[in-house]
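Q: I would like a close look at a single part of this structure, followed outwards into whatever surrounds it. Please take it step by step.

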Amino acid sequence: MSTSTTAESKAKDAATDNSTATRRHPVAITIGRQFGSGGRELGKRLADALGFKYYDKELLSEAAKRAGVSEEFFERNDERVPSFLNGLISFAFGMAPTSYYAGSTSISDDSLYRAQSDFIHSLANEDSCVIVGRSADYVLRDHPALVNIFVHASIDDRIERILRREPELTREKARAKAEKINRLRANYYNFYTDKTWGAAESYDLTFNTSLISMDQIVSLVSEYISMRFPGAR
């Protein structure tokens, strides 16, 4: 058998393996993002283009219910370094007092993270989906059909995007907000994972949204999905 024939055979086998994995497991796309870079917009566009489910803030609401804590408390601790470093946080139980995530009077941020992680696993195993943030790439690191994306942009473009959403801010306040939230996200990600937030080796694909349009990125990712996971649903 010639070398070229052997290579073609291996390529076909790899494609078959990926296709089989896709049929057995839904595809999960995770998106890490700098604040103001358009990660949520990209997530929604990808989900629409591919026919996948989309999850962002929805994760907080459902995971809060499953953990037996208020959604407001969950949102205050979203993508933040865990406060259990300074002790446990008291809270009042909701409708799930028997949840294994909590004791009788208090719950740690680590338990909140586990609640959200369990919910992320359940979503990724049910349907193909796009999940923004929440260190989902690390949570799903053993998922057989996983694509991890990181989105960034120039500070000027991020400021402009923030100001379009929050026109009441000054440019200085928009810059300060972007820097603060990125620090919080990086600290959260680096604390819970063995990877580095924003580092290229932590992801499969990275995009600078200052250089190409969202439509172009969606097209590139869609093509990547079709090549890597033929027949993705």
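Is Arg134 buried or exposed, and what can be said about strand E1 and its surroundings?

A: The model is a predicted one, and the description below should be read with that in mind. Arg134 has a relative accessible area of 2%, which is under the 20% limit, so Arg134 counts as buried. Arg134 belongs to the loop between E5 and H6, and its phi is near 60 degrees, a positive value in a residue other than glycine. Ser135 is found in that loop between E5 and H6 as well; Ser135 has a positive phi of about 50 degrees although it is not a glycine, and with a relative accessible area of 4% Ser135 is buried. As background, most residues other than glycine have a negative phi.

Strand E1 covers residues 28-33, and 6 of its 6 residues are buried. In a regular strand the side chains alternate between the two faces of the sheet. In E1, Ala28, Thr30 and Gly32 point one way while Ile29, Ile31 and Arg33 point the other way, and all of them are buried.

The partners of E1 are strands E5 and E6. Strand E5 (residues 129-132) runs parallel to E1 and is joined to it by 4 bridges; in this pairing Ala28 stands opposite Cys129, and Ile29 stands opposite Val130. With strand E6 (residues 146-152), E1 pairs in the parallel sense over 6 bridges, and here Arg33 stands opposite Val151.

These pairings belong to an open sheet of 5 strands with parallel pairing, in the order E2-E5-E1-E6-E7. Strand E2 (53-55) and strand E7 (205-208) stand at the edges and have a single partner strand each, so one side of each is left without a neighbour in the sheet. From one strand to the next the twist averages 20 degrees. Helix H2 (residues 39-50) packs on this sheet and touches E1, E2, E5 and E6, with a direction that makes about 165 degrees with that of E1.

Within E6, the residue Ile149 gives a view of the surroundings of E1 from the neighbouring strand. Ile149 counts as buried because its relative accessibility is 0%. Leaving aside neighbours within four places in sequence, Ile149 is in contact with Ile29, Thr30, Ile31 and Gly32, and also with Leu46, Tyr203, Leu205, Phe207 and Val221. The C-alpha atoms of Ile149 and Asp137 are separated by 8.5 Å, with the two residues 12 apart along the chain.

Strand E1 and the loop with Arg134 come together again at a cavity. The count comes to 2 cavities of 30 Å³ or more, and the largest has a volume of about 130 Å³. Of the 17 residues that line this largest cavity, Gly32, Gly133, Arg134, Ser135 and Tyr189 are the closest to its centre. The elements that give two or more residues to this lining are E1, helix H6 (136-139) and helix H8 (171-192), and E1 gives the most, with 4 residues. By character, the residues of the lining of the largest cavity divide into 8 nonpolar, 4 polar and 5 charged.

Taken together, Arg134 is a buried residue with a positive phi, and it is listed with Gly32 and Ser135 among the residues closest to the centre of the largest cavity.

Notes: Residues numbered from 1 in each chain as written. Predicted model: local features only at pLDDT ≥ 70, side-chain atom pairs only at ≥ 80, totals over all residues. Heavy atoms only, no water. Buried < 20%, exposed > 50% of the residue type's maximum accessible area, 1.4 Å probe, protein only. Pairing = 2+ DSSP bridges. Axes fitted to C-alpha atoms, helices over the stretch in contact; angles between N-to-C directions. Contact = heavy atoms within 4.5 Å. 1 Å grid on protein atoms, 1.4 Å probe; cavity = no way out; pocket = protein on both sides within 12 Å on 5 of 7 lines; lining within 4 Å. Points joined across faces, edges and corners; volume = space filled by probe spheres on them. Nonpolar A, V, L, I, M, F, W, Y, C, P; charged D, E, K, R; others polar.
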